[in-house]
Each structure stands twice: as C-alpha cells, then as structure tokens.
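Work through the exercises below with the model open. Each task is followed by a worked solution.

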There are 2 protein chains.
Amino acid sequence: MPGGAREKGRTVASRLLAIIGAFDAAHPRLTLTEIAARTGLALSTVHRLVAELEDWRALGRDEDGRYHVGRRMWELGQLAPDPLQEVARPWLQEVFAGTGENVHIAVRDGAEVLYVDKVYGRQAVPIVSRAGGRLPMHPTGVGKVLLAFEPAWFVSAYLSRSLERPTPHTITEPGRLARELTQVRARGYATTHEEMTLGSCSAAAPVFLDGRLLAAVGIVVSSRRVRELPRLIDPLLTAAQGIARDYRAAVAPRTEYGADAGRLAGR
Amino acid sequence: MPGGAREKGRTVASRLLAIIGAFDAAHPRLTLTEIAARTGLALSTVHRLVAELEDWRALGRDEDGRYHVGRRMWELGQLAPDPLQEVARPWLQEVFAGTGENVHIAVRDGAEVLYVDKVYGRQAVPIVSRAGGRLPMHPTGVGKVLLAFEPAWFVSAYLSRSLERPTPHTITEPGRLARELTQVRARGYATTHEEMTLGSCSAAAPVFLDGRLLAAVGIVVSSRRVRELPRLIDPLLTAAQGIARDYRAAVAPRTEYGADAGRLAGR
C-alpha cells in the first residue's frame with residue numbers, strides 16, 4: 001500500500017494511536033519508514049507525530065535511528081489496575097522457591113495467551129514467555145488450560161483455523177487437540193512436551209474464580225526433567241487456589257464498599 | 001484556571017498526550033472533569049479525545065464513570081527496552097529467597113527514586129514502593145544511595161529545596177543529611193530507620209557500571225528486625241555486583257556487534 005493511502009478521514013488522535021500501536025512484540029524497534037508502512041500514514045505525518053511522541057518520551061530513539069517504546073509508557077502502563085499480577089506474584093515466587101523453575105501466569109486475550117507475570121531464576125531453562133508477551137494457545141501449557149475451559153463454540157472456532165506449528169511436536173490436528181482438551185478438563189491440569197520450544201516441557205493449572213476461569217499458572221522445565229513434571233502439579237494447583245482466594249479478597253471491597261474501594265484493589 | 005484556558009495553540013497530539021499524562025500514581029482514576037482541570041483542556045475536547053482513547057483501550061472506565069489507564073498501555077509499556085529489570089529480577093529473587101523480605105531495585109529519575117522492579121512475599125512487611133512508582137530520595141535507602149553518588153552540585157541543589165517529611169524520623173536538616181551521604185559513600189551502602197514509613201527500616205547498595213552509578217538495590221524489613229539489618233548488607237552487595245556484571249553482558253552485544261544486537265539486550 002502506498003504511503004498515506006489509509007490517511008484520509010482519520011483523526012489526528014487515531015493517527016497518533018496508530019503510530020504507538022505499530023510497536024508490538026514482533027516489532028519492538030521501527031524506523032520512520034517502517035512505521036509509515038505499518039500504519040498506512042504518509043511519511044511526513046509519521047515524521048511530525050513521532051517527533052511529538054519522542055518529545056513526550058512516549059518513544060525513544062536508538063543510536064541507529066530506530067524508535068522504541070519509551071520508559072514513560074512503561075511508567076504509565078504500570079498504572080493499569082491489575083490486581084491479578086499483584087496478587088499472583090508471591091504465589092509464583094513460592095512455586096519458584098520450591099522448584100527453581102520458571103513460573104508464569106497468563107490470561108486469554110482474543111485467541112492468544114497474554115502473559116501477565118513471570119518469575120524466573122538465573123539457572124532455569126530459558127523460556128519464550130515474557131510479561132506482556134503473547135503466544136498461541138494450543139502449543140503452551142497455560143494456553144491449553146485457557147482453551148480447555150472455554151465454551152464449545154469457542155474451542156471449535158479456534159480448532160477450525162490453521163494452527164501455528166512452532167515445533168514438530170506441536171499438536172495441530174483438530175481431533176487430537178480436542179481429545180487433549182477433554183483430558184485437561186478431566187485431570188484439572190495440562191502438560192506439554194516440546195510443543196512450543198524444543199528442549200522444554202511444561203505443566204499448567206487453572207485459576208477459577210467463582211466457577212469462571214480467570215487465568216492459568218504454568219511452570220516450564222527442561223525436557224531432561226520431564227519425569228519430574230508430575231510432582232510439580234501439586235504446587236501449581238496450590239498456587240492456583242491461593243491466587244483465586246487472594247484475588248477474590250483483593251477485588252471484594254469494590255462491590256462491598258462501593259466504587260471508590262476499587263482503588264485499593266488496583267494496587 | 002478555567003477549562004480550556006490552556007487549549008489554544010496546542011496540537012491535537014499534545015492534547016491527547018496531556019490527557020494520558022494526567023494519570024499518575026497519585027491520580028490513577030479520574031473523571032472527565034478532573035482530566036479537564038488537570039490538563040487545562042475544555043471539557044468538550046476531553047470528552048471527545050477520551051472517547052478515542054477508550055475505543056483504543058488506552059483508557060478503561062470504572063463502573064462509577066472514572067477512567068484509568070487500560071491494559072493495552074500496560075502491554076505497550078512492557079515493550080520499553082529495559083535490560084535492568086530483566087537482569088535484576090533473578091538477583092532480587094535470590095536475596096528474597098535468602099531473607100524472606102521485600103527487595104527492590106530503583107534508579108534516579110529527576111530528583112526522585114523510580115522503582116524498576118520489586119520482589120515480595122506474602123508474609124513480608126507491606127511497603128510503599130511499587131514498580132513504576134516514585135518516592136523522594138532522602139527518606140529511602142535506595143534514594144540515599146542514588147543521591148550519595150551524584151556530583152556535589154546535584155546534592156547541594158537537592159538539599160537546598162524544602163524536603164518532604166513523611167515521618168518524624170525523616171532526616172531533612174541539610175547538614176545532617178550531607179553527613180549521612182558522606183557516610184553512605186564511605187561505607188558503600190545506606191540504611192534508614194522509620195524515615196519513610198513508621199515500623200519499617202531498610203538497607204540499600206549501589207549498582208556501579210564501569211564507575212557510573214546505574215541503580216540501587218534495597219531491602220525493607222520490619223523495625224522489630226532492625227538488629228538483623230547488618231547481616232542483610234552482604235547479600236545486597238553481592239546482588240548489586242551480580243546485577244552490574246549481568247547488565248554489562250546484556251548490553252555488550254549492542255556495541256560489539258552493531259545496532260541490531262541491541263534488540264537482544266532489550267529482552
């Protein structure tokens with residue numbers, strides 16, 4: 001699409017937001033030309049608005065002229081009220097302390113896993129998840145859990161798409177994946193074996209809040225430790241229950257004492 | 001100032017950014033009227049731009065009609081390249097595992113402490129710091145460290161202001177504070193005793209990178225455990241050195257292998 005082709009009829013505000021939105025996990029650093037291509041805005045518009053964003057420190061510039069999201073955006077982002085992250089951290093911490101392995105918590109957002117927080121050590125196996133990062137649902141432990149407890153219509157819509165295959169072990173055949181999800185529901189937890197990353201396997205447990213699935217807690221270990229996965233399930237289930245209990249306590253004041261109490265829950 | 005008084009001559013982009021910037025730790029939830037008052041924009045302008053921000057999920061709305069920073073901003077903020085947070089987490093983790101106390105890392109931003117990350121348990125003493133949060137420098141352990149290693153002109157400028165006094169134990173007398181900072185430089189670490197919060201004391205150590213102060217690592221414990229503070233210094237100093245070493249390794253590829261390698265360091 002030629003530069004500026006999608007510019008007409010858009011408000012300045014929407015152009016500015018399009019520029020900020022051009023950045024994502026797959027595109028954390030962009031040149032002006034790349035921003036123009038990704039937003040459909042004219043290079044001159046991009047040039048002018050990026051300068052305003054840089055002045056405001058919403059964007060920063062690398063030595064090579066590429067732009068990235070600035071620390072001011074990080075600071076602002078930290079104001080987003082998320083009792084889940086606040087409440088989950090000590091529980092992830094505890095699982096990590098007992099196992100020495102990477103532990104994370106994720107929610108479903110659209111048809112993807114959105115990682116909310118991660119606790120990791122210096123020795124643990126490197127993992128691809130990061131706070132704020134997204135991954136497909138079917139190859140990850142947390143994703144299988146989040147998918148398994150969705151209504152049937154959602155699951156069939158998900159399975160009917162063409163599914164990513166990050167490793168040769170990723171389960172993409174719809175029938176096999178559906179059976180896997182049935183098993184997750186029956187067992188109350190999910191496991192993966194080199195389905196997202198070669199050399200890593202994982203387990204995950206659901207965090208239920210009053211019968212509704214809120215999130216999934218997962219642990220990732222080296223494939224060499226696959227035999228130890230079963231004994232990691234109990235700590236995960238304990239953490240999942242603890243998170244649900246603390247989350248309910250954190251958000252309860254909002255409904256009990258009116259709107260203002262939500263502020264307490266937020267931090 | 002009457003609504004709209006500061007509106008003239010401002011670009012739409014700057015108005016939009018002013019609205020986002022109206023939110024901070026002290027004002028995490030705002031009504032439209034409050035946003036108009038804090039930005040100097042006309043209520044009609046605020047109404048229109050907030051609607052665009054809400055559509056885009058940069059802002060969210062509470063049940064009582066107040067607005068807050070939305071999860072999309074949090075996600076975007078997570079893209080800000082910060083090797084410090086990534087590198088420090090496992091070290092904070094280790095200090096936490098060895099002590100069970102709240103551990104955090106902070107940098108200086110302007111004349112304030114900006115907390116970059118925090119590791120905390122369910123049992124530890126509650127603390128006021130949070131990731132993305134700011135506190136004054138002189139009443140906090142990390143703040144004293146960050147202040148102590150600044151050049152003399154910065155320190156005298158800081159001390160010449162009227163200093164906040166969150167507790168009766170806060171040191172605000174410039175001469176006494178200057179002596180305290182001399183001691184911090186001589187010892188290589190800082191301590192506080194109920195200077196920020198009654199019932200809490202803290203210790204902090206500097207993270208030096210090639211002779212330049214990068215950050216400070218701190219631990220906060222209950223005042224009842226004040227006698228144990230001295231034995232927490234060594235783990236803090238070890239963590240500070242480890243963070244400096246890992247940080248240097250994380251950012252090194254940027255200079256060694258050219259611009260693109262910075263991406264590796266970012267995450």
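**Exercise 1.** In which sense, left-handed or right-handed, does H1(A) pass H3(B)?

*Solution.* This is a predicted model. Start with the two elements: helix H1 covers residues 12–21 of chain A, and helix H3 covers residues 43–55 of chain B. Their axes come within 10 Å and cross at roughly 35°. The crossing is right-handed. Next, list the contact residues. H1(A) supplies A:Ala13, A:Ser14 and A:Leu17. H3(B) supplies B:Leu49, B:Glu52 and B:Leu53. Finally, sort them by class: 4 are nonpolar, 1 is polar and 1 is charged.

**Exercise 2.** Give the strand order of the open sheet in chain B, and explain why S5 and S6 stand at the edges with one side left without a neighbour.

*Solution.* Write out the order: S5-S4-S3-S8-S7-S6, 6 strands with antiparallel pairing. Now read the ends. S5 (134–136) and S6 (190–193) of chain B each have a single partner strand, so one side of each has no neighbour in the sheet. Then check the twist: neighbouring strands are turned by 30° against each other on average, direction ignored.

**Exercise 3.** Over how many bridges do S4 and S5 of chain B pair?

*Solution.* Strand S4 spans residues 112–119 of chain B. S4(B) and S5(B) pair over 3 bridges, in the antiparallel sense. B:Glu112 stands opposite B:Pro136 in S5(B).

**Exercise 4.** Which strands of chain B does helix H5 lie across, and which does helix H6 touch?

*Solution.* Take H5 (residues 83–99) of chain B: it lies across S3 (102–109), S4 and S8 (212–222). H5(B) runs at about 65° to S4(B). Turn to H6 (residues 141–148) of chain B, which packs on the sheet. H6(B) touches S3, S4, S6, S7 (200–209) and S8 of chain B. The direction of H6(B) makes about 155° with that of S8(B).

Methods. Residues numbered from 1 in each chain as written. Chains lettered and ligands numbered in written order. Predicted model: local features only at pLDDT ≥ 70, side-chain atom pairs only at ≥ 80, totals over all residues. Heavy atoms only, no water. Axes fitted to C-alpha atoms, helices over the stretch in contact; angles between N-to-C directions. Helix = DSSP H or I, 4+ residues; strand = E, 2+ residues; numbered from the N terminus. Left-handed = near helix turned anticlockwise from the far one by under 90°. Contact = heavy atoms within 4.5 Å. Nonpolar A, V, L, I, M, F, W, Y, C, P; charged D, E, K, R; others polar. Pairing = 2+ DSSP bridges.
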